[in-house]
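Please examine the sequence and the three-dimensional model shown below. The paragraphs that follow lead through its surface, its interior and the contacts that join its parts.

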Amino acid sequence: MSKRDLKKYLTELNKEQLEEQIIELYEKFSPVKVYYNFVFNPKEETLLQECKLKISNEYYPLKKAGRRSKPKMRRSVAQKYIKHFTLLGVDPFIIADVMLYNIEIAQTFSSEHTIKQDLFFKSMFNSFEQAVIFLIANGILNDFKTRVLAIYNKTITQKWYNEPEFNAIIERFE
């Protein structure tokens with residue numbers, strides 16, 4: 001069904017029928033329920049704290065039954081939150097905060113542990129590039145410039161092999 005056909009169908013419904021359909025969608029589809037719950041009660045700060053906790057658990061997992069869990073270091077966890085926040089229409093400042101936090105916690109972890117997987121560094125570069133593009137697109141780069149530069153400076157101090165790639169992005173906006 002095209003958008004035009006949907007509009008035509010919806011204009012033929014009366015108010016009660018529309019309400020019934022929306023309630024049915026709300027009950028049947030979880031994403032619809034999540035969307036309406038957010039729209040009518042946008043607890044962005046709570047979502048942000050929950051998100052940051054999940055991301056930090058990727059690098060510093062909580063101990064389970066007296067034994068230490070191994071860090072998973074998955075970029076995908078942050079990516080899922082970023083995508084979810086974007087779909088909900090969360091404030092771009094919060095999305096940017098999550099994007100940068102993901103890189104910052106990874107850098108904190110890499111300063112304490114030796115990381116041999118090239119994929120980790122490539123992944124962090126992809127996150128960095130995505131964050132800078134997002135910041136520029138939303139016109140908020142100046143609000144986050146100090147954090148972006150701090151991330152870049154840590155790639156230098158931690159001697160990341162792909163530091164020149166980070167530098168190329170920094171040079172583009174300076």
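Helices, as the term is used here, are DSSP runs of H or I with at least four residues, numbered from the N terminus. The structure is a predicted model, and the account begins with a part of its surface. Met1, Leu6, Tyr9, Leu10 and Leu18 together make up a nonpolar surface patch, with a combined accessible area of about 460 Å². Helix H1, residues 3-12, supplies the largest share of this patch, namely 3 residues. Leu6 is located in helix H1, and its relative accessible area of 37% makes it partly exposed, because that value lies between the limits of 20% for buried and 50% for exposed residues.

From this surface the description turns to the interior. The largest nonpolar core comprises 44 residues, and those with the most contacts inside it are Phe85, Phe120, Phe128 and Val148. Two or more residues of this core come from each of the helices H4 (44-59), H5 (75-88), H6 (92-112), H7 (118-137), H8 (141-157) and H9 (163-173). H6 provides the largest share, 11 residues. The surroundings of Phe120 can be followed in the model: apart from neighbours within four places in sequence, Phe120 is in contact with Tyr59, Met73, Ala106, Ser110, Ile115 and Trp160.

Helix H5 merits separate attention. H5 consists of 14 residues and spans 20 Å from its first C-alpha to its last, close to the 20 Å expected at 1.5 Å a residue. Its buried residues are Val77, Ala78, Gln79, Tyr81, Ile82, Phe85 and Leu88. The cover over the buried residues of H5 includes helix H3 (30-40), H4, H6 and H7. Just after H5, Gly89 adopts a positive phi of about 85 degrees.

What does Gln79 touch beyond residues up to four places away in sequence? Gln79, which belongs to helix H5, touches Ser127 and Gln130. The C-alpha atoms of Gln79 and Ile55 are separated by 9.9 Å, and these two residues are 24 residues apart along the chain.

Is Glu58 buried or exposed? Glu58, situated in helix H4, has a relative accessibility of 7% and therefore counts as buried, the limit being under 20%. Leaving out residues up to four places away in sequence, Glu58 touches Pro71, Lys72, Met73, Arg74 and Val77. One of these, Met73, lies in the loop between H4 and H5. Met73 has a positive phi of about 55 degrees although it is not a glycine. Met73 is also among the residues in contact with Phe120.

Another non-glycine residue with a positive phi of about 55 degrees is Lys159. Lys159 is placed in the loop between H8 and H9. With a relative accessible area of 71%, Lys159 is exposed, since the limit is over 50%.

Charged pairs form the next topic. Side chains of opposite charge can pair when their charged atoms come close. The structure contains 6 salt bridges. In one of them, the side chains of Lys28 and Glu24 meet at 4.0 Å, N to O. Lys28 and Glu24 are separated by about one helical turn, because they are 4 residues apart in helix H2 (residues 15-28). An α-helix has 3.6 residues a turn, so residues three or four places apart point the same way. Lys28 counts as exposed at 58% relative accessibility, whereas Glu24 is partly exposed at 46%.

A further salt bridge joins Lys52 and Asp97, whose closest N and O atoms are 2.9 Å apart. Because Lys52 lies in helix H4 and Asp97 in helix H6, this pair ties together parts that are 45 residues apart in sequence. Both Lys52 and Asp97 are buried.

Glu104 and Arg147 likewise form a salt bridge, with 2.9 Å between their closest N and O atoms. This pair links distant parts of the chain, Glu104 being in helix H6 and Arg147 in helix H8, 43 residues apart. Arg147 has a relative accessible area of 22% and is therefore partly exposed. Lys52, Asp97, Glu104 and Arg147 are linked in a network of salt bridges. The helices that hold these four residues, H4, H6 and H8, are among those that give two or more residues to the largest nonpolar core.

How values were computed:
Residues are numbered from 1 along each chain as its sequence is written. This is a predicted model: local features need pLDDT of at least 70, side-chain atom pairs count only at pLDDT 80 or more; totals for chains, interfaces and linings use all residues. Side-chain values use heavy atoms; hydrogens and water are left out. A nonpolar core is a set of buried Ala, Val, Leu, Ile, Met, Phe, Trp, Tyr and Cys residues joined through side-chain atoms within 4.5 Å. Buried means under 20% relative accessible area, exposed over 50%, partly exposed in between (1.4 Å probe, protein chains only). Contact means heavy atoms within 4.5 Å. Patches are made of residues with over 30% relative accessible area and no salt bridge: like charges are joined within 9 Å, nonpolar side chains (Val, Leu, Ile, Met, Phe, Trp, Tyr) within 5 Å. Accessible areas come from the Shrake-Rupley method with a 1.4 Å probe; for residues, only the protein chains shown count as cover. The expected span of a helix is 1.5 Å times one less than its number of residues.
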